[in-house]
Amino acid sequence: MALVVQKYGGTSVGTIERIRNVARRVAKTYDDGNDVVVVVSAMAGETNKLVALANEVCEFPSEREYDVMVATGEQVSISLLSMCLQSMGYKAKSYLGFQIPIITDSAYSKARIQKIDDKKVREDLKNGSIIIVAGFQGIDKEGNITTLGRGGSDTSAVAMAAALKADVCEIYTDVDGIYTTDPRLVPEASKMEKISYDEMLEMASLGSKVLQIRSVEFAKKYNVVIHVRSSFNDNPGTLVTKEDADMETVLVSGVTYNKDEAKISVFRIPDKPGIASRIFSPLSHANITVDMIIQNVSSDGYTDLTFTVPKTDYKKAIKIVEETAKEVGASGVKGDENIAKVSIVGVGMRSHSGIASKMFQTLSQEGINIQMISTSEIKVSCVIESKYTELAVRVLHEAFDLAKKDVKAE
Ligand code: ASP
Ligand code: MG
């Protein structure tokens, strides 16, 4: 007998019919002799509706009340699923975050889980109940309701699995697993059997939206194996797990892209100590995160600086940078929203050479100009003109030989 934590996302519980489908899956896992704890998201679209309602009342709602509001979506889905299981003859019991309790810090709308008390859940499991836990929410030490950030139910599930020392944490979603790239762009994309925590972290921060980044960090820290799979079929999905020797033999595991960033360049800045901090401090004060940064080698005492920011912050950022540029005596600022970042990811890069150069060569063969480059131990990212995104992803996927090999797996 195993202890299984299952998480179902918004689309999987989007309608009553789908909630019934989830109930049948949960029941089957229980009937197979497992203890089952289920974490659910709000029904598809509900959280967006709640956010819009809050913003309709005022532009900047109080953070505390915002969390009280957006946490309600999950209250509906847990009770519906619980009722559904009960009507099928199972013992089921739902829990909101504060009832468990799932203790978080007080950073509203992006709270971090600090502690989970597993006592009540363990007792209920012993009595043969299936436990349904609201994802995305917790309570701080002062008793305020908190939420964990969009997509946070993934983190709730992994945290429950860690607290209960579950055998596996299954994350059910509307895709079959983690793919070598976006199958909507490249139909030959193949599903990975497994991926390491670090690769998954890179993929998630580079734009793959299957798992919330924090859930992967949590899983890595507590060694929780995540099984990402579809709630609409029985195909095995992808295991997100500790790195093993096999993984290193693959040069590149996946290709990702991100069109959510914009580029800003500042020209002819007098090259003196403290310049970078003068440019970037006002941005960080405005809570704008900067991603890639390139500073040119200075010639005749001047240098150029180029960096990327989230597109949603672009207008704000360029205004701030224009002001600072004037103050520091730069000659001008230019922005470009038509960019995309394409990246290759793989732990194999640590032990193989020539991977970055193969990427550059592949892009150049298609006449794609590389505007910026950044690297980490296990990824290489290039900024290119956004109209070439699809082409770049396709040729890189092919160059690193990531297409389906085993057709029968589908
Ligand atoms: N319902 C929340 C959201 O839409 C949490 C989640 O789905 O994971 O962000
Ligand atoms: Mg999600």
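Start by selecting Thr180 and His397: their side chains are joined by a polar contact of 2.7 Å. Keep in mind as you click around that this is a predicted model. Thr180 sits in the loop between β9 and β10 (194-196). Is Thr180 buried or exposed? It's buried, because its relative accessibility is 4% and the cut-off for buried is under 20%. Now show what surrounds Thr180. Leaving out residues up to four places away in sequence, Thr180 touches Ala189, Ser190, Met192, Ser253, Gly254, Val255, His397 and Leu402.

**Next stop: helix α13**

Follow the contact across to His397, which is one of the buried residues of α13. The others in that buried set are Thr389, Ala392, Val393, Val395 and Leu396. Colour them and then ask: what covers them? The cover includes two strands you can pick out by number, β13 (254-258) and β18 (339-345). It also includes helix α12 (355-365) and strand β20 (379-385).

Now zoom in on Thr389, which belongs to α13 (residues 389-399). With a relative accessible area of 1%, Thr389 is buried. Which residues does Thr389 touch, not counting those up to four places away in sequence? Select Tyr257, Lys259, Ala340, Val342 and Ile384 to see them.

Before leaving, go past the helix to Asp401. This residue follows α13 and has a positive phi, near 60 degrees.

**A few backbone oddities**

Here's a bit of background for this part of the tour. Most residues other than glycine have a negative phi, and most peptide bonds are trans. Now go and look at some exceptions.

- Select Lys165. Its phi is positive, near 50 degrees, and it isn't a glycine. You'll find Lys165 in the loop between α6 (153-164) and β9 (168-173). Lys165 counts as exposed, because its relative accessibility is 68% and exposed means over 50%.
- Jump to Asn223. This one isn't a glycine either, yet its phi is positive, about 55 degrees. Look for Asn223 in the loop between α8 (213-222) and β11 (226-230). Asn223 is partly exposed, with a relative accessible area of 44%.
- Finish with Ile100 and Pro101. What kind of peptide bond joins them? It's a cis bond, with omega at about -15 degrees. Pro101 lies in the loop between β3 (92-95) and β4 (102-104).

**Over to Lys7**

Select Lys7 in strand β1 (residues 3-8). You might like to check its surface: Lys7 counts as buried, at 7% relative accessibility. Which side chain does the Lys7 side chain pair up with in a polar contact of 2.7 Å? That partner is Asp154.

Show the rest of the surroundings as well. Apart from neighbours within four places in sequence, Lys7 is in contact with Val39, Ser41, Ser153, Asp154, Ala157, Glu170, Ile171 and Tyr172. For a sense of scale, draw a distance from Lys7 to Glu65, C-alpha to C-alpha. The two are 26 Å apart in space and 58 residues apart in sequence.

**Ligand 1**

Two of the residues touching Lys7, Ser41 and Ser153, also turn up around ligand 1. So which residues make up the whole shell? Alongside Ser41 and Ser153, select Ala42, Thr47, Glu74, Phe136, Arg150, Gly151 and Gly152. By type, this shell divides into two nonpolar, five polar and two charged residues.

Now turn on distances and check three pairs of atoms:

- a polar side-chain atom of Thr47 and a nitrogen atom of ligand 1, at 2.8 Å;
- a backbone N or O atom of Gly151 and an oxygen atom of ligand 1, at 2.8 Å;
- a polar backbone atom of Ser153 and an oxygen atom of ligand 1, at 3.0 Å.

How much of ligand 1 does the protein bury? On its own ligand 1 exposes 260 Å², and the protein buries 87% of that.

**Last stop: the cysteines**

A disulfide is a covalent bond between the sulfur atoms of two cysteines. How many disulfides are counted in this model? The count is zero. Two cysteines to visit are Cys58 and Cys169. Cys58 is partly exposed, at 33% relative accessibility, whereas Cys169 is buried, with a relative accessible area of 0%.

Terms used:
Residues are numbered from 1 along each chain as its sequence is written. Chains are lettered from A and ligands numbered from 1 in the order in which they are written. This is a predicted model: local features need pLDDT of at least 70, side-chain atom pairs count only at pLDDT 80 or more; totals for chains, interfaces and linings use all residues. Side-chain values use heavy atoms; hydrogens and water are left out. A residue is near a molecule or strand if one of its heavy atoms lies within 4 Å of it. A polar contact is a pair of N or O atoms within 3.5 Å; within protein, one must be able to donate a hydrogen and the other to accept it, and residues adjacent in sequence count only if both atoms are side-chain atoms. Accessible areas come from the Shrake-Rupley method with a 1.4 Å probe; for residues, only the protein chains shown count as cover. Ala, Val, Leu, Ile, Met, Phe, Trp, Tyr, Cys and Pro count as nonpolar, Asp, Glu, Lys and Arg as charged, and the others, Gly among them, as polar. A disulfide is a pair of cysteine sulfur atoms within 2.5 Å. Buried means under 20% relative accessible area, exposed over 50%, partly exposed in between (1.4 Å probe, protein chains only). Helices (H or I, at least four residues) and strands (E, at least two) are DSSP runs, numbered from the N terminus. Contact means heavy atoms within 4.5 Å.
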